[in-house]
Amino acid sequence: MRNQDQPIAVEGYPFIALFAFITLVCGLQDWSCLTVIFCALTLFAIYFFRNPDRIPPEDESAVIAPADGKVIFVGEVQEDRYFKDEVIKVSIFMSVFNVHVNRVPFSGKVVDMFYNRGEFFNASLDKASLENEQGGILIETEKGARLLFVQIAGLIARRIVTYPKVGDVLERGKRYGLIRFGSRVDVYFPKGSDVEVKVGDITVAGESVLGYLP
């Protein structure tokens, strides 16, 4: 899968190149104000698409955060797509200042995926989980437990990027996609899981422990 070693996510290259080119043109034309603006946009694009290395915790039974950001919801919800039951949902909101490369929360085989076009409400709102554009991955662990994690576009985000396909075996902590410009990731734990995070916690993708499967 892409972006396993690159310090800048490859999806950012076109933006960085475009802004850098415009900066150069404005500089050659001596348009100082525009040069400063597009230089700032170039630097922001580099910052936004940064792709730092992360070290997962040694406890391989831990489900780790798929995204950098702030936990905005933890609680029981009805999940009818796959579980047909009440599950525990953890929602992580990413601002434009967070790293937006997403990581696999637990090792397992991709048994199903979905993508739904939708609205672009503010990703911090509850209705974003149901109505916004989103793409989800359902994995099954070696012990038969299932975990669902869903990338959700936000008010500014307009592009969900997901690398795996059904049948792939994913390794915990590896990059599996990103969302451009502000968004959220929801993780659905099966009933009986031990979820340790709470609303307001700050997560680091690939490192922070969300909880444990039953």
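Let me start with Val71, which stands opposite Ile92, a residue of strand β3. This is a predicted model, so please hear everything that follows as a description of that prediction. The strand that pairs with β3 here is β2, residues 69-79, and the two run in the antiparallel sense, with nine bridges between them. Between β2 and β3 the hairpin has five residues, and in that hairpin Lys84 takes a positive phi near 55°.

Staying with Ile92, we can ask which residue is its bridge partner in β11. That partner is Val185, and the strand concerned, β11, covers residues 183-189 and is joined to β3 by seven bridges, again with the two strands antiparallel. Strand β3 therefore pairs with β2 over nine bridges and with β11 over seven. As for how covered the strand is, seven of the ten residues of β3, which spans residues 85-94, are buried, and for that reason the strand is largely enclosed by the rest of the structure.

Let me move now to the helices, and to the surface. Phe21, Val25, Trp31, Leu34, Ile37 and Leu41 make a nonpolar surface patch of about 520 Å². Two elements give two or more residues to this patch, namely α1, residues 13-28, and α2, residues 32-48. Which of the elements gives the most to the nonpolar patch? It is α2, with three residues. Leu41, one of the residues in the patch, has its place in helix α2, and because its relative accessibility is 31%, it counts as partly exposed.

The helices also bring us to the aromatic residues. Across the whole structure, a search finds six aromatic pairs. In one of them, Phe19 and Phe38, the ring centres are 6.4 Å apart and the planes are at 40°, so this pair is tilted. Since Phe19 lies in helix α1 and Phe38 in helix α2, the pair ties together parts that are 19 residues apart in sequence. Are these two rings on buried or exposed residues? Phe19 counts as buried, at 18% relative accessibility, and Phe38 is likewise buried, with a relative accessible area of 18%.

A further pair takes us back to the strands: the rings of Phe149 and Tyr176 have their centres 5.2 Å apart, and because their planes are at 75°, this pair is edge-to-face. Phe149 lies in strand β7, residues 146-153, while Tyr176 lies in strand β10, residues 175-179, so here the parts tied together are 27 residues apart in sequence. Both Phe149 and Tyr176 are buried. There is also an aromatic cluster to point out, formed by Phe15, Phe44, Phe48 and Phe49.

I would like to finish with the cysteines. As a reminder, a disulfide is a covalent bond between the sulfur atoms of two cysteines. How many disulfides does the model contain? The count comes to zero. Cys33, for example, is in no disulfide, and the nearest cysteine sulfur to its own, that of Cys26, is 9.5 Å away, whereas the cut-off for a disulfide is within 2.5 Å. With a relative accessibility of 55%, Cys33 counts as exposed, while Cys39, whose relative accessible area is 34%, is partly exposed.

Terms used
Residues are numbered from 1 along each chain as its sequence is written. This is a predicted model: local features need pLDDT of at least 70, side-chain atom pairs count only at pLDDT 80 or more; totals for chains, interfaces and linings use all residues. Side-chain values use heavy atoms; hydrogens and water are left out. Patches are made of residues with over 30% relative accessible area and no salt bridge: like charges are joined within 9 Å, nonpolar side chains (Val, Leu, Ile, Met, Phe, Trp, Tyr) within 5 Å. Accessible areas come from the Shrake-Rupley method with a 1.4 Å probe; for residues, only the protein chains shown count as cover. A salt bridge is a side-chain nitrogen of Lys or Arg within 4 Å of a carboxyl oxygen of Asp or Glu. Helices (H or I, at least four residues) and strands (E, at least two) are DSSP runs, numbered from the N terminus. Buried means under 20% relative accessible area, exposed over 50%, partly exposed in between (1.4 Å probe, protein chains only). Two strands pair if DSSP finds at least two bridges between them. Rings of Phe, Tyr and Trp (its six-membered ring) pair if their centres lie within 6.5 Å; planes under 30 degrees apart count as stacked, over 60 as edge-to-face and the rest as tilted.
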